[in-house]
Amino acid sequence: MPSPQTVVKLFLAAAPAVAFAAQALAALRPHLGLLVAATVASLAVEGIVYRWQRGLLSLFAKAHLDATVRHVLRDLLLVVGLLRLGEQDRETQYAGLLVGLLVFYGLHCAIQAVSVLVRRSRTLPVVTRNIDASALRLTPPPHRLLRRPGERLLLLGLPATLGLLVTAAADTSLYAAGGVALSLVLGLAGLGALLVRLLPSRRPAGEQETLDWFDAWLAEYRPTVGLYFSGGASSAYQANMWLESIAQLDGRPIIVLRERFMVQKIAATDIPIVCLPKVATLMRLEHSTLQVLIHPSNSGKTSQVVRIPTIRHTFVNHGESDKLSSCNPYAKAYDEVWVAGPAARERYAMAEVGVEDKDVVEIGRPQLDAVLPYAGPPAGAFTTVLYAPTWEGWDGNPGNTSVVEAGENLVRALLADPGVRLLYKPHPLTGSVDPRAGAADERIRELIRAANRERTGPRPSADAEAELARRTGELDRLTVTAFRPDADTLERMLLQGTPEPGRADAVTRATAAWEEAYWASLPEWEHQIVIAARPALYSCFNQADLLISDVSSVISDFLASGKPYAVANTSGMEEVAFRAAFPTVVAATVLTPDAAGVPDLLRTVRNPDLDDLAEERAALKVRLLGTAEPSSQERFNAATQALCAKARDHRARMAARLAEDFPGQRHEEITSRRPSLPA
C-alpha cells in the first residue's frame with residue numbers, strides 16, 4: 001500500500017491536468033461556477049507545489065507542461081470562458097485585454113533573458129572562501145523571485161489571472177483591465193531591476209579582470225602546498241579529514257577545488273579555498289609558487305591537474321584499507337604515494353599496479369592524534385559498542401560491507417545483551433550503489449529505535465541539555481556563516497572573506513567542548529544512531545569499548561586506540577584465508593554473518609584476562625600506522641617539505657634548460673613568467 005506522502009504526490013501530479021480539463025469544460029459549455037472553481041484549484045495546486053513539492057516541477061517539465069505552458073493555458077481558458085459566457089460582441093471588447101496579456105508574456109520572456117545575462121555576469125571563473133575578494137565588486141544577487149521563472153510568472157501574472165476571474169463573475173472588464181495593467185507594471189519593474197544589474201558600475205568583475213585578480217592574489221599569498229579535491233557532495237569527508245593536518249604544515253597552504261558546490265561542503269578552516277571549475281583557469285597554477293598538491297582521493301578531474309609540470313603530486317588517500325581495490329592503478333600517476341605504515345607499502349607491491357617502492361613514503365596518520373588510548377575494560381554499567389560498517393563499494397564484492405548479509409544479525413545480538421549500549425554509524429555512501437544496502441541500513445535503524453522504546457532509565461538533567469545548546473550555538477557561530485535563503489555564490493564569497501585571527505584555535509576548543517557536552521547530554525543506556533557530521537568518527541572511537549566493522553580504514557584508524565575490535569566476514573572465505581588475505585584482521589575477532597560469536601566477544605571485552613589479542617593489536621598498530629616517534633604530523637610535514645624541495649629542484653633544472661634553448665630576450669620573456677619559489 002502506498003505511503004501517505006506518495007498518495008499526496010500522485011494527487012498533486014494529476015491535479016493540474018484535472019483542473020485544466022475542468023476549466024476547458026467550463027469554458028466551452030459554458031459554466032461560471034465550474035470555471036471559477038477550476039481556476040482557483042489550479043492556482044492552489046501551483047502554490048502547494050512551489051511551496052512543498054518542488055520535485056514535481058521536473059516531472060511537469062518532462063511532460064512539456066512547464067510553468068509558462070501552465071500559466072498561458074490557464075489564462076487562455078479563462079479568456080475563452082469570458083467570450084463564451086457573454087454576448088457575441090465581446091471579441092472586440094476584450095481585444096485590448098488579449099493584447100495586454102500577450103505583452104505581459106513577452107515581458108516575461110524578456111525578464112527571463114535578462115535574468116540569464118545577470119546570472120552569467122555573476123558566474124565568475126574563480127570561487128573563493130577565506131579570501132578577501134571585495135575587489136571583484138561582489139554584491140548580493142537580485143531577489144530570488146526574479147531568478148526563478150516559474151514562481152515569477154505565477155506571482156507577477158496573478159493580478160491578471162485574478163482580474164480575469166473576477167471579470168467572469170462580475171461581468172465587467174474593469175477588473176481584468178486592472179489586473180493586466182498591474183501585472184504589466186510589476187513585470188516592467190522586475191525588468192528594470194535586472195537591467196540595472198547590467199550597468200558597468202553595478203556588474204561584478206568580468207572574466208579577465210577576475211583572472212588578473214586571481215593571478216595577483218597568488219603572487220601576493222605565494223602558496224607552497226595545497227590540498228586538491230574533486231568529488232560529489234557526499235564525498236566531502238574525504239577532504240575534511242585532512243584539513244587540520246594541512247593547516248599545521250610549514251609553509252602557506254591552499255585548498256584547490258573543482259566543483260562550485262564543494263566550497264560550502266568543506267568544513268570550518270582558515271585555509272584559503274579556491275574553486276577553479278575550468279581547466280584553463282586551473283592551468284594558471286603552473287606559474288604560481290605552488291609546489292605540492294596533496295590528493296586525498298582519485299577523480300576524473302585529477303588527470304587534468306597532474307599535467308601541470310611545475311607541481312609535484314602525492315596521493316594520501318582518505319584512509320588505510322586492506323582491500324586491494326584501495327591500491328588503484330591510478331596511483332602511479334602521482335609523483336609519490338604517502339601511506340601510514342609498512343603494511344600499505346607491502347600492499348602496493350603485492351597489487352602490482354605500477355607504483356614503485358621508491359615512490360612510497362610512510363607518514364603515519366596525522367589525524368589519529370585525537371584518538372584516546374585504551375584505558376581498561378568498561379568502567380560503568382554498560383559496554384559501549386560502535387558498529388561502523390563500510391559501504392558496498394563499486395565492484396559488487398559482497399565482502400565489502402556487512403550491512404546486507406550480517407548487519408541485522410549483529411545488531412540483534414548486541415541489542416539482546418542488556419549491558420550493551422550500541423552506537424551505529426553507517427558509512428555516508430551506504431545504499432548509493434546497492435539498494436539492498438540502503439534497505440538493510442533502514443531496517444537496522446528501526447531495530448535500534450524499537451530497542452530504545454523498550455528501554456528505560458534516568459536521563460541527564462536539563463542543565464546538560466542547556467549546556468549542549470550553549471556549546472552548539474558557540475560552535476555554530478564559529479563555523480557556520482549565516483546566509484540569506486536566496487544568497488548565491490558571489491554573496492557567499494563576500495561574506496566568507498578573510499577569517500578573524502585565531503579562529504582555527506577557537507574552533508578546535510569549541511569542538512572539544514561540544515563533544516563533551518554532546519555525550520554528557522545522552523542517557524548512558526540509550527542506543528544511538530550517529531549519522532550527522534557531528535560527532536565525528538574519532539569522537540565515537542573515544543566513547544567505544546569495542547568496534548565492530550568491515551575490512552576498511554575504520555579498523556586501521558581504531559587500532560590507534562589499542563582497544564578490542566571485531567571484523568565481520570561476509571566474503572565467503574574461511575577464517576584462515578580471510579585473516580591471511582587482510583592484515584588488519586590479524587588482531588581481530590572474526591565474526592560470521594550469523595553473529596554467533598558476539599556473546600563471547602562481549603565477555604572478552606569486559607574481562608581483559610580473556611583478551612589474548614592485545615599483543616597482536618599493539619604489533620599490528622605499528623605495522624599499519626607506523627612508529628609513534630616521530631609523530632605522524634612531523635613525518636607528514638617532513639614528507640611535504642622533501643617533496644617541495646624536489647619541485648624546486650625540478651623548476652631550477654627546467655629554468656637552466658630554458659636558458660640554454662632560449663637565450664637572450666626570448667629567455668627573459670619565458671623566465672619572467674615563473675615566480676621565485678619560497679624555500
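I take two strands as paired if DSSP finds at least two bridges between them. With that settled, here are my notes on this predicted model.

**Overall look.** I began with the whole protein and found 28 helices and 14 strands. The C-alpha atoms fit a box of roughly 100 × 85 × 50 Å along the principal axes. I then checked burial: of the 679 residues, 48% are buried. For contacts with a separation of 6 or more, I found that 73% join residues 24 or more positions apart.

**Surface and charge.** I looked up the exposed area next, and it comes to about 31200 Å², with 59% supplied by carbon and sulfur atoms. My tally of charged side chains gave 71 positive and 73 negative. The centres of those two sets are 7 Å apart.

**Strand β6.** Here I slowed down a little. Which strands does β6 pair with, and how do they run? On one side of my list is β5 (residues 292–295), parallel to β6 and joined to it by four bridges. Within that pairing, Leu293 has His313 of β6 as its bridge partner. The other entry is β7 (residues 336–339), also parallel to β6, with two bridges between them. There I found Thr314 opposite Glu336 of β7.

**Side chains of β6.** Which way do the side chains of residues 312–315 point? Arg312 and Thr314 go one way, while His313 and Phe315 go the other. I recalled that side chains in a regular strand alternate between the two faces of the sheet. Are these four buried or exposed? I noted Arg312, His313, Thr314 and Phe315 all as buried, the cut-off being under 20% relative accessible area.

Technical notes: Residues numbered from 1 in each chain as written. Predicted model: local features only at pLDDT ≥ 70, side-chain atom pairs only at ≥ 80, totals over all residues. Heavy atoms only, no water. Buried < 20%, exposed > 50% of the residue type's maximum accessible area, 1.4 Å probe, protein only. Contact = heavy atoms within 4.5 Å. Areas by Shrake-Rupley, 256 points an atom, 1.4 Å probe, with all protein chains shown as cover. Lys, Arg positive; Asp, Glu negative; His and termini not counted. Charge placed at Lys NZ, Arg CZ, Asp CG, Glu CD.
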